[in-house]
Amino acid sequence: MRYIFVILILVCAVLQAAQPVIPIERYMLKNGMRVILSRDNAVPVVTIYLIFDVGARAEEKGRTGFAHLFEHMMFEGSAHAPKGTHFKLVESNGGTLNGSTHPDYTDYFEVLPANKLAVGLWLESDRMRSLDITPENLANQKEAVKQERRLSFDNRPYSTAIVDRWPQVAFQNWQNSHSLIGSFEDLNAATVDDVAKFFRTYYAPNNAVMVIVGDIQIPQTRKLIEEYFGDIPSQPKLAKPDLSEPATPAPRSDTYRDAHARVPGVIIGYPAPPRHSADYYALGMVDVLLTGGPSSRFQLDLVKGKESVIQYQAEIGWPFASSTDYKDPGDYAMFLLFKPNFTPRQIVDQAQEEIAKIQNEGLDMKEMERARTLMRSERITSLQSSLRRAQLLGQYEILDGKPELINTDLEKFLAVTPVQIQAVAKKYLTPERRSILDIIPAPPEAPPYQPKEN
Amino acid sequence: MRPILFLLTGTMLMSQTIDRTKPPETPPIPAFKMPPVHETKLPNGLAVVLVGDSRFPLVSVRLSFQAGSKFDPEDTAGLSEAVASLLTQGTKTRSFRDLAEELTSIGASLNGHTSPDVLTLSGSVLSENTAKLLDLLADVALNANFPENEVALRRQNRKQALLAQQSQPAFLAHEKFDELVFGAHPYTHIAPTVESLDRMDQKTLIRFRDTFLAPNNAVLVLVGQLPGRAETLKLVRERFGTWKQSPVPAAPARNFPESKRQLVLVDRPGSVQADIHVGRLAATRTDPDYYPLLVGNAILGGGGSSRLFLDVREKKSFAYDAHSELDRRKDAGVVTAVTQVRNEVVEPAMEAVLANLSEMAKAPVTAAELSNTKNYISGVFLIGLETQASLADQVDLVKTMGLPEDYLEMFTTRVRSVEPDKIQAAAQKYLAPDKATIVVVGDASKIEKSLEKFGAVQVEKAK
């Protein structure tokens, strides 16, 4: 009882501070799998989140898109849960699931009614132990990935520019600049042996972190995890590929003619500081000032004010990451859609001018306070979902080895001073370090088909 | 005795080794337990719903009006949407900048949006600033003044957004589909047009505001770490109590065309794939057919173990996505099977979609499908109520859509009571494709021939 009481007091005390404290229990199985448990019994829901230390940036030449193709294979069945079982069992137990491939990690989740936890653990352990890798499954998933590419990229405005072209503008190292979704040619070339080797190396328990958040009992959960995962053998780790970019950025400009876009756009990026350096936190606050919430400078000065920009997004790590899962090298990048009576050059100049104001003029304390409040309320809002908490815990573990950052990272953003903000804007967000990709609407010129007139 | 028994059970559990070859047995999904709700009505007719939720230091608000896009004047499609987005762009005493800065400084958001039935102001705030958010909400709802410059800017930007929407095949499909199934009813418009945007001046917007944004046409929902009930109601009365009642026009009559088989191909030159939509009018949430249709629709195309997903995606590899959806408006439902396939397989893919629809009407669903799907719907419903925003949305939905008081708590029970014969009957009524409207968006030069066997193809140009 006393223990619970102390925890409650602690939670209440911190509520008055920055954010609610997320409890963390962290340990490692004998096979090297890291486990993070976080109990919250407010709603009868549980999230199982598995994150693997491999992403698209680990791909080899000739195998672009392989990490993502492999992610699809994870849903194709395992020794005791044959093809189709994964979706069926999660859904028939009232849950939702998905997987996603990122530059630096790949993740899978199940969100279930809390009393269905064991079902999710059984499924995840069966596929980690004995994934079913067959030529039929591989052929089928190659088609599914190609169809995903047609749907989500080739047939949509801006997507190809953002996903395939922008990394080529922003990066020089092939590991960073190649396509995450991959070429049809490389997808076709993937073999069953490639899949088996990738699975053995990267999906071993010592390359994984399992996070469970929600209405759980810690001792029972620990026991279940031991029983399901404890004896899956670990594997030797492979050296990580060299992701480094040249020390001096070589900014580039390019143009993409987009057959599906109707509204012009531009992407602007600046190489960003290392994750969790002092400069990273300061740049995070610059981003809030420029683009966060309805009173951001872009909103007040460009969307209103100059009435040039229509919509914008910006992030450290954009487009594949956000500031929470950004890993260097990467850009602080922004994507702006604008009215056709402006040129891309004018838009770039206007964005740079907003940055220059931060570099050259002092910050007003009210604006600083607003930025901090916005950061805090957005973080608290996002923590409501067990899936989001699990993602943050898993990503902080995989990328930093420090899941406790979920409780402390916000404070570091809030502690940034106006002087640091000015300094980081001057150091990083200069025209000399800037890369640009113009996206020009280029609809097919003459429609190849004329409908019959009545 | 009891403690000893308890201990024994515990020991047995501990020593038991689990069978890893089979999925574990687990208890049934729990039902949703609604936190305590307090409802009241102010003398001016404003319905107020308070729900305590102390998990996070946040409060969510919804102020909803029976003023969705079905209330748009015939020649001004998109007016409700314009009012919703401009409400937060300036009031008699606050400019857009004032509103934006005040909201950010209290850790709040406040946005207007519109659905076919309801116009809603949605907000959230750090709970210590609840009173301040209510100040801003009241100011926006009662005193928005639609400044000329904001109206003009919104018009220009909406025209650009419309262009962007028109480049999306899914938008083109929805636009055509809704036009065909809703006929002359205002549900037919899913977006403004360039002409209707030009018609929306300050006067038009104010007229819509004065007609529909009345307390007797609204419900205010507050969910979160609220001050005590009396204190919260006092905050509400102080800000909304003097708001004047006014008579509100009735909703447009529920006149929809008879369902019939028709096939329209919207030409989108250069499209590398075809978007296929097959569907028709169906039951609303308050119709006796609703729960059988809900379960039947999920068996057909809800999630990764549904028939469409397993057949069109997993077995035949025609598509990345194949699903069916239930559009649940207040005055009409629509059920639609949707997939996007590469140009070469349009014909067999269409055959597969139609065959799956027919099969739902021909034979009862299996016991396993039924039990799995009921669990799926119940679990997803429970998970969907995890965050405060989703709870606020659900409470708001019950009030604005005129659903029974016990809708949220009884949802799972009602889903569980659906029988296979009822599903088949609903499928015969709503899923059988003999009277389905088919809309395909794609490159007509490449796919028109593949569609001819499914009926007379009417080719139309994309706008």
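Where in chain B does B:Leu213 lie? Select B:Leu213 and you land in the loop between helix 8 (202-212) and strand 6 of chain B. Keep in mind as you click around that this is a predicted model.

**Stop 1: B:Leu213**

Although B:Leu213 lies in a loop, it counts as buried, because 23 C-beta neighbours sit inside 10 Å and the cut-off for buried is 20 or more. Now show what B:Leu213 touches: setting aside residues up to four places away in sequence, you should pick up B:Phe65, B:Ala67 and B:Ala141. For a distance across the chain, draw a line from the C-alpha of B:Leu213 to that of B:Ile29; the two are 184 residues apart along the chain and separated by 41 Å.

**Stop 2: strands 1, 2 and 6 of chain B**

Next, select residues 37-41 and 47-52 of chain B. These are strand 1 and strand 2, running antiparallel and joined by five bridges. One place to zoom in is B:Glu39, which stands opposite B:Val49 in strand 2 of chain B. The hairpin these strands make has five residues between them, and B:Gly45 takes a positive phi near 100° there.

Add residues 218-224 of chain B, and you have strand 6, which pairs with strand 2 of chain B in the parallel sense over six bridges. Look for B:Gly52 facing a glycine: B:Gly224 of strand 6 of chain B stands opposite.

**Stop 3: the two domains of chain B**

Zoom out and colour chain B by its domain assignment, which gives domain 1 as 37-240 and domain 2 as 262-461. Taken over C-alpha atoms, their centres are 29 Å apart. How many residues of domain 1 of chain B are in contact with domain 2 of chain B? There are 27, and they meet 24 residues of domain 2. On the domain 1 side, at least two residues each come from strand 2, strand 3 (58-65), strand 5 (119-126), helix 6 (169-182) and strand 6 of chain B. Highlight helix 6 of chain B in particular, since the largest share of that side, eight residues, comes from there. Colour the domain 1 side by class and you get 18 nonpolar, five polar and four charged residues.

**Stop 4: between the chains**

Now bring chain A into view. In chain A, 67 residues are in contact with 66 residues of chain B. Elements of chain A that each supply at least two residues to this side include helix 3 (85-92), strand 5 (106-113), helix 4 (117-130), helix 5 and helix 14 (365-382). The chain A side divides into 31 nonpolar, 21 polar and 15 charged residues.

Pick out helix 5 of chain A, residues 135-154. Its 20 residues reach 26 Å from first C-alpha to last, close to the 28 Å expected at 1.5 Å a residue. Its buried residues include A:Asn140, A:Lys142, A:Val145, A:Arg149, A:Arg150 and A:Leu151. What covers them? The cover includes helix 2 (66-73) and helix 8 (184-189) of chain A, together with strand 8 (273-282), helix 11 (307-315), strand 9 (319-328) and strand 10 (333-342) of chain B.

**Stop 5: helix 16 of chain A**

Select residues 405-414 of chain A. The buried residues of helix 16 are A:Ile406, A:Asp409, A:Leu410 and A:Phe413. Turn the view to look down the helix axis: these buried residues fall within an arc of 100°, so they line one face of the helix. Helix 11 (278-291), helix 14 and helix 15 (386-400) of chain A are among what covers them.

**Stop 6: unusual backbone**

Most residues other than glycine have a negative phi, and most peptide bonds are trans. Here are some exceptions to click on.

- A:Trp318 and A:Pro319 are joined by a cis peptide bond with omega about 5°; A:Pro319 lies in the loop between strand 9 (309-316) and strand 10 (331-338) of chain A.
- A:Asp328 and A:Pro329 are joined by a cis bond too, with omega about 0°; A:Pro329 is in the loop between strand 9 and strand 10 of chain A.
- A:Tyr158, in the loop between helix 5 and helix 6 (159-170) of chain A, has a positive phi of about 70°. With 22 C-beta neighbours inside 10 Å, A:Tyr158 counts as buried.
- B:Ser317, in the loop between helix 11 and strand 9 of chain B, has a positive phi near 55°. B:Ser317 has 19 C-beta neighbours inside 10 Å and counts as partly exposed.

Methods
Residues are numbered from 1 along each chain as its sequence is written. Chains are lettered from A and ligands numbered from 1 in the order in which they are written. This is a predicted model: local features need pLDDT of at least 70, side-chain atom pairs count only at pLDDT 80 or more; totals for chains, interfaces and linings use all residues. Two strands pair if DSSP finds at least two bridges between them. Helices (H or I, at least four residues) and strands (E, at least two) are DSSP runs, numbered from the N terminus. The expected span of a helix is 1.5 Å times one less than its number of residues. A residue is buried if 20 or more other C-beta atoms lie within 10 Å of its own, exposed if 12 or fewer, and partly exposed in between; C-beta atoms are placed from the backbone. Two residues are in contact if their C-beta atoms, placed from the backbone, lie within 7 Å. Ala, Val, Leu, Ile, Met, Phe, Trp, Tyr, Cys and Pro count as nonpolar, Asp, Glu, Lys and Arg as charged, and the others, Gly among them, as polar. Domain bounds come from an automatic or database domain assignment. The arc is that of the directions from the helix axis to the C-beta atoms.
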